[in-house]
Amino acid sequence: MFQQGIIWPDNNGVHINAHGGGVIYHEDRYYWFGEHKIAGEAGNLAHVGVHVYSSKDLYHWEDEGIAFSVSEDPDNPVVKACIIERPKVIYHAENDEFIMWFHHELKGRGYGSTLTGLAVSNTITGPYCYVHSLRPNAGEWPLNVKPFHKRGVPETTKDSYCGGPGCLSGPIDTVNILGRDFKKGQMSRDMTLFVDDDGTAYHIHSSEENSTIHISRLSDDYKSFSSEYVRAFPGRYMEAPALFKHKGVYYFVASGCTGWSHNAARSAVADSIFGPWKELGNPCISTGKETTYDSQVTCILPVRNRENAFIFMADRWKPENAIDGRYVWLPVQFAEDGKVFLAWMDEWDLEYWSRGS
Ligand code: GAL
C-alpha cells in the first residue's frame with residue numbers, strides 16, 4: 001500500500017532517505033537512488049551523497065547504503081556541502097556499467113555553477129566513482145537554434161541565478177542566454193535521464209536560466225554528450241523534468257519554477273523526443289492540483305509486468321528540515337484523448353491496475 005506523505009520506513013524502520021530520486025529496474029529488483037538529506041536546513045546541501053534502496057515489490061525497501069559519497073577533500077568538486085540533486089542512474093548493457101548523472105553545484109556558490117555531474121560504477125549499488133562535472137553542449141548549437149541566437153549577445157544579458165518568470169530582462173526569445181553560454185556550455189540545473197527502446201539515452205535539464213528545457217542525446221556509452229540537442233518549452237520556466245514513453249508516444253511531466261515551494265505541474269506529449277512538444281496542461285485534477293498535491297515530480301516509473309502502469313513519483317519537500325521530506329506516489333492515468341492525469345488518492349496499491357481502471 002502506498003500512503004501519501006507519511007514516514008516510509010525501510011527494512012531498518014528508518015524513513016527512506018532518497019529525495020529527488022529515480023528508480024531503475026535491474027535483474028528482478030527496483031533500485032531507488034536519491035539525495036541523502038541530513039536534519040535541518042543544512043540538509044539542503046550534500047553532506048553524505050546519494051543513497052540507494054532496493055525492492056522486489058515497490059512496497060518494501062532495503063537499505064543498500066550510500067552509492068555515491070561526497071568527498072572530504074576541499075579540492076574535489078564533490079566536496080561535502082556542495083549541492084548534489086536529482087541523481088539518476090541508467091544501465092549500459094554492452095559495457096556492463098551503471099551511469100549516474102546528477103545536478104551538481106560547487107560548494108559555496110549557491111545555484112550559480114549549473115553543472116551536471118557524472119559518476120560510474122560496475123555494480124548497481126556502487127560505490128560510484130566520480131568522473132567530472134560539466135556544462136553541456138559547449139560550442140554546439142541546438143538542432144532548432146534560431147537565427148537571432150547567432151547574432152551576438154548584448155552586454156546587458158544577465159548572468160546570475162534566475163528565480164523564475166520575470167527574472168530576465170525580457171522574453172526568452174529576445175534575451176540570448178543560449179548565445180551567451182554557447183562557448184562555455186549551457187546551464188544544467190534540474191535534470192533527468194531517459195533511455196529509449198533502441199538504447200539511446202537522453203539527458204533532459206532546465207537550462208537558459210531555468211527558462212527553457214534542453215533535451216540532449218548522450219553519447220553511445222552514456223558518459224558524454226553527443227552534439228545533438230534541442231530546446232523545448234522556451235520561456236516556460238519548467239523544473240523537475242520527468243519523461244516516459246507509452247505506446248510509442250513520449251510524455252513529459254515537470255513543475256513550474258518556484259524553488260522548494262510547490263506549484264502546479266505541467267504535462268506535454270510528443271511523437272519524437274526532440275519534439276515538437278505539445279503542452280497538455282496541469283495533469284492534476286483533484287483538490288490540491290494547484291500545488292501538485294504539495295509535491296514536485298522527480299520521476300515517472302514504468303511498473304514491470306503490468307500494462308499501462310506508470311507511477312508518478314514526487315517529493316514533498318521540507319527545506320527547514322530536509323531529512324523529513326516525504327513522498328507522494330500516484331498512478332498515472334491516461335484519458336481517451338491521449339492526455340495524462342493524476343487523481344488524488346490517500347492510499348492505493350498496485351492492484352489498482354488489475355481492477356480494470
Ligand atoms: C527546486 C528544484 C530542487 C531544488 C530546489 C532549490 O525547484 O526542483 O531540486 O533545486 O528548487 O530551491
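Two strands pair if DSSP finds at least two bridges between them. Helices (H or I, at least four residues) and strands (E, at least two) are DSSP runs, numbered from the N terminus. This is a predicted model, in which local features need pLDDT of at least 70 and side-chain atom pairs count only at pLDDT 80 or more, while totals for chains, interfaces and linings use all residues. Residues are numbered from 1 along each chain as its sequence is written, and side-chain values use heavy atoms, with hydrogens and water left out.

**Strands and cores**

Strand S18 covers residues 296-302, and 6 of its 7 residues are buried. Buried means under 20% relative accessible area, exposed means over 50%, and partly exposed is in between (1.4 Å probe, protein chains only). S18 and strand S19 (residues 310-316) run antiparallel and are joined by 6 bridges. Within this pair, Ile300 has Phe312 of S19 as its bridge partner.

Both Ile300 and Phe312 belong to the largest nonpolar core, which has 43 residues. A nonpolar core is a set of buried Ala, Val, Leu, Ile, Met, Phe, Trp, Tyr and Cys residues joined through side-chain atoms within 4.5 Å. The members that touch the most others are Trp32, Leu58, Ile300, Ile311, Phe312, Trp329 and Trp348. At least two residues of this core come from each of strand S3 (29-36), strand S14 (239-246), strand S15 (249-255), S18, S19 and strand S20 (326-331). S19 gives the largest share, 5 residues. Another core, of 19 residues, lies apart from this one and includes Ile24, Tyr31, Phe33 and Ala46. In soluble globular proteins, nonpolar side chains tend to be buried together.

Trp329 is in contact (heavy atoms within 4.5 Å) with residues including Trp32, Leu58, Ile311, Phe312 and Trp348, leaving aside neighbours within four places in sequence.

**The ligand**

The ligand is surrounded by Glu85, Arg86, Tyr111, Asp190, Glu239, Gly259, Trp260 and Gln296; a residue is near a molecule if one of its heavy atoms lies within 4 Å of it. The table gives distances from an oxygen atom of the ligand to N or O atoms of three residues.

| Residue | Part of residue | Distance to ligand oxygen |
|---|---|---|
| Tyr111 | side chain | 3.5 Å |
| Asp190 | side chain | 2.5 Å |
| Gly259 | backbone | 3.1 Å |

**Thr116 and Thr114**

Thr116 is in strand S8 (residues 115-121) and is buried, at 0% relative accessibility. The side chains of Thr116 and His203 are joined by a polar contact of 2.8 Å. A polar contact is a pair of N or O atoms within 3.5 Å; within protein, one must be able to donate a hydrogen and the other to accept it, and residues adjacent in sequence count only if both atoms are side-chain atoms.

Thr114 lies in the loop between strand S7 (97-105) and S8. Its phi is positive, about 50°, although Thr114 is not a glycine.

**Cis peptide bonds**

The bond between Gly126 and Pro127 is cis, with omega about 5°, and Pro127 lies in the loop between S8 and strand S9 (129-134). The bond from Gly275 to Pro276 is also cis, with omega near 5°.

**Cysteines**

How many disulfides are there? The count is 0, where a disulfide is a pair of cysteine sulfur atoms within 2.5 Å. Cys284 is buried, at 3% relative accessibility. The sulfur of Cys284 cannot form such a bond because the closest cysteine sulfur, in Cys299, is 16 Å away.
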